[in-house]
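Please find below a few numbered remarks to be read alongside the coordinates. They move from single residues to helices and then to the chain contact.

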Amino acid sequence: MKRLLTMCLITTLCAGFVFAGGASEKVDQPVIEVTHSATQDGQIATYERILQQLVDEYNAENGTQYLLKYVSGQGKDITNTRMSSNDRPDIFSLDSPADVNQYDKDGLLLDLSPYAQRAGWEQTMFDWAYKLAQVDGKVVTLPFGYEGMVLWYNKSIMNELGLDAGTIDTLAEYEEALKKASDAGYIPVMLGSQDWPWAQEWYLSIMNSYTGRDLVKKTIEGTSELGWSDPAFKKTIELYQSWHDKGYLADGKSYILTSDDAINAFTNDKALFKLEGTWAPYWIAPLEQADQDTIGVMLHPAINSTERPHLPLAVGGMWCVSSDTEHPEIAAAILSGQLRQEFQSDFLQNGMDVAPIQVDEEEFQGLPPTVETMWSLVNGALAEGSFGYTTWAFYPPETRVYLYEGIVNVLEGTTTIDDYLAEMDRLTTKELAAGFTPVIPSTR
Amino acid sequence: MNVPAPPQGFKKREQRTALLTLIPILAFHLMMIVLPSVNTLVSSFTNWNGLGTKDIIGLQNYRELLGDPNFSLAIMNNIRWMGMFLSIPILLSMLIGYMLSHAPRGHIILRACYFLPYVISAAIAGKIFASFYNPYFGINIAFEALGLDFLVRDWLAPTNALVSVAIVDMWHWWGFLLVIFISALQQIDPMLYESAEVEGANELQKIWYIMIPSIQKTLVFIILVTMVWSISTFEYVWVMTKGSPGSELLSTMLYKNALFKYRAGYACAISIVQGSLALIIFGVFGLIRRKMED
């Protein structure tokens, strides 16, 4: 009896291990798997609907019977893990061109050049976006969504201090506004990176880009003479540090406050400015109308005479196709389909990334005024070619992480600016030597 | 009285059953622990970016670790963390455990209350305490109201972050230690305490001469798990500071290298160092235990 029980126990355990992974439903139809990082319900539903429509259309045109498997909430960590295994999705999204660079280096991306040519991506997409789609002249990704960093201002405080956003253009005018806000007991600029360390790079994206776009481009490409040790960068970081020391930057607590603190202080009339991305629409919508009305949007004023105010550009994401997909035709069709005008309104209304194409102007009508203003700034900058470079889209990965982590030590006074920039330089040189290929569009 | 030895056939059958019973867990251990560990060891000698091909680069990752100021900082922070956890929660749980085991009534309710933080997830507790540490509406306001201005500080600033996060983790951890200590303390024969009282021993002497020697094995076990766990701790630091400057640990450094910097080979080298430290601690404690048994 005891033996029988033991055998039963072992059999049960073994069966448990065997079936622990679950069993997938057996289907005869081919499946096209699309993974994405979206986590908001509305965004997930919109993607699923649009992707399903594209799959249905493909099936109808080609007499196929593909089933769509859409998996949301797949961040970089999960995507990296899946792509290093044998369980790769057909289509997946990456965060930035820097990520695409790593994937391409390992041959994980399908060469989309023939499909892009057939679908006319080059003619449809913005020039800068088409450039970002390529690595070494080969189209390997579809950049999707474009965004930038802007400065929000609190209209009530601005009025109370007798300031006019339209006249704050230069460093002197900006610093005067910061001082007035500080003297009146307001937090001049709100920024919280305690729970979201990447918030530090928002401001640094502006600061570096405003130092000189050409200089940044050359530094990342490794062709600038002094690299990050250029005195222009030092001057910029000194300026950033001086704002921190004077308490202009989040009371000198930018790395101790959270992103929620930053939003709350701004919407509760305690801060004059707040740094924000143009991707913010999805969380502006739930705000009370009165709170929405108090938000004004402007470009960050200049910090020197080299660069005029512009918009550091970023891409929302990069759609890629796995090099070992068995369904390249439908995968390419799904990517191309997302460039259609008819879907852009859906994307905009749900605060999602839009295609990097000339979207019809009427699609931007009816959005909350703040969102509409942000879009007009983004579109205006793109039309003029007046964009700069965000860190997360264009910097090599290690340099980027050090940029936002190391700055905290600079602000704390535990690292000198010279050492900080020297380390940035060392990391960029190392990453370029290790094969990082910068893909940076030129500005006009 | 002589106990007859079991028949030879019975012994073999027992051994076979034992082996069969162990097969599933050994297979599981092989798949989930041994093979990934070997893979990690091999990868630590490569320039793997976490995605595709791996080129062998010898000891380069380890050499780089030796010169990486972040690594020395992380090691030092892990040691500081270990120091905190080897003192405060262990002493506190032993002391409270001793008091509870002598409490005439109400100890079950108190024990449950003290254990409660242990069942709260790190993500939730971390977020709650991060709010407590907020410079605008957190405990600083309470300190100011109570006139304790000398305690007001930026709790999550790099200079204080490690200690601030450790306090939260200790709040979560000590209830678990308490339950283990109480279980051990309940094994002590009450007659020993009564005899000591008759001999005129005070509470401190009872703790030193009766309690500690009686729970020696439990204490060694607790110290062992605390040390090993301190080497690998991650969740509270990640939830509360994302391993920001001042609170960088080996595990946060490993995570960032593997997932944000595309340096999985380097992350594997960090992991091997972590594992080796844990093995050394295990080895030392194995020797101590053997000595204790002798």
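**Notes on the predicted model**

1. Glu326(A) counts as exposed because 10 C-beta neighbours lie inside 10 Å, and exposure is assigned at 12 or fewer. In this predicted model, Glu326(A) sits in the loop that runs between strand S10 (311-321) and helix H16 (328-337) of chain A. From Glu326(A) to Glu176(A) the separation is 150 residues in sequence and 60 Å in space, taken C-alpha to C-alpha.

2. Two backbone values deserve a look, beginning with Asp136(A), which is not a glycine and yet has a positive phi of about 50°. Asp136(A) belongs to the loop between strand S4 (134-135) and strand S5 (138-139) of chain A, and it is exposed, since 8 other C-beta atoms are found within 10 Å.

3. The other value belongs to Tyr262(B), a residue other than glycine whose phi is positive, near 55°. Tyr262(B) is placed in the loop between helix H12 (250-259) and helix H13 (264-293) of chain B. Is Tyr262(B) buried or exposed? Tyr262(B) counts as buried, because 28 C-beta neighbours fall inside 10 Å and the cut-off for burial is 20 or more.

4. Helix H7 (residues 161-185) of chain B consists of 25 residues and spans 35 Å between its first and last C-alpha, which is close to the 36 Å expected at 1.5 Å a residue. H7(B) nevertheless carries a bend of about 30° at Trp171(B).

5. Within chain A, helix H10 (residues 199-211) and helix H20 (residues 397-412) pack with their axes 9 Å apart and at an angle of about 100°; the two helices are therefore roughly perpendicular to each other. H10(A) contributes Gln200(A), Glu201(A) and Leu204(A) to this contact, while H20(A) contributes Arg400(A), Leu403(A), Tyr404(A), Ile407(A) and Val408(A). Sorted by class, the contact of H10(A) with H20(A) holds five nonpolar, one polar and two charged residues.

6. H20(A) also takes part in the contact between the chains, where 30 residues of chain A meet 26 residues of chain B. On the side of chain A that touches chain B, at least two residues each come from helix H1 (2-19), helix H3 (76-83), helix H4 (97-105) and H20 of chain A, and the largest share, seven residues, is supplied by H20(A). By class, this side of chain A is made up of 13 nonpolar, eight polar and nine charged residues.

How values were computed: Residues numbered from 1 in each chain as written. Chains lettered and ligands numbered in written order. Predicted model: local features only at pLDDT ≥ 70, side-chain atom pairs only at ≥ 80, totals over all residues. Helix = DSSP H or I, 4+ residues; strand = E, 2+ residues; numbered from the N terminus. Expected span 1.5 Å × (residues − 1). Bend = angle between axes of the 7 residues up to and from the residue. Axes fitted to C-alpha atoms, helices over the stretch in contact; angles between N-to-C directions. Parallel < 35°, antiparallel > 145°, perpendicular 65-115°, else oblique. Contact = placed C-beta atoms within 7 Å. Nonpolar A, V, L, I, M, F, W, Y, C, P; charged D, E, K, R; others polar.
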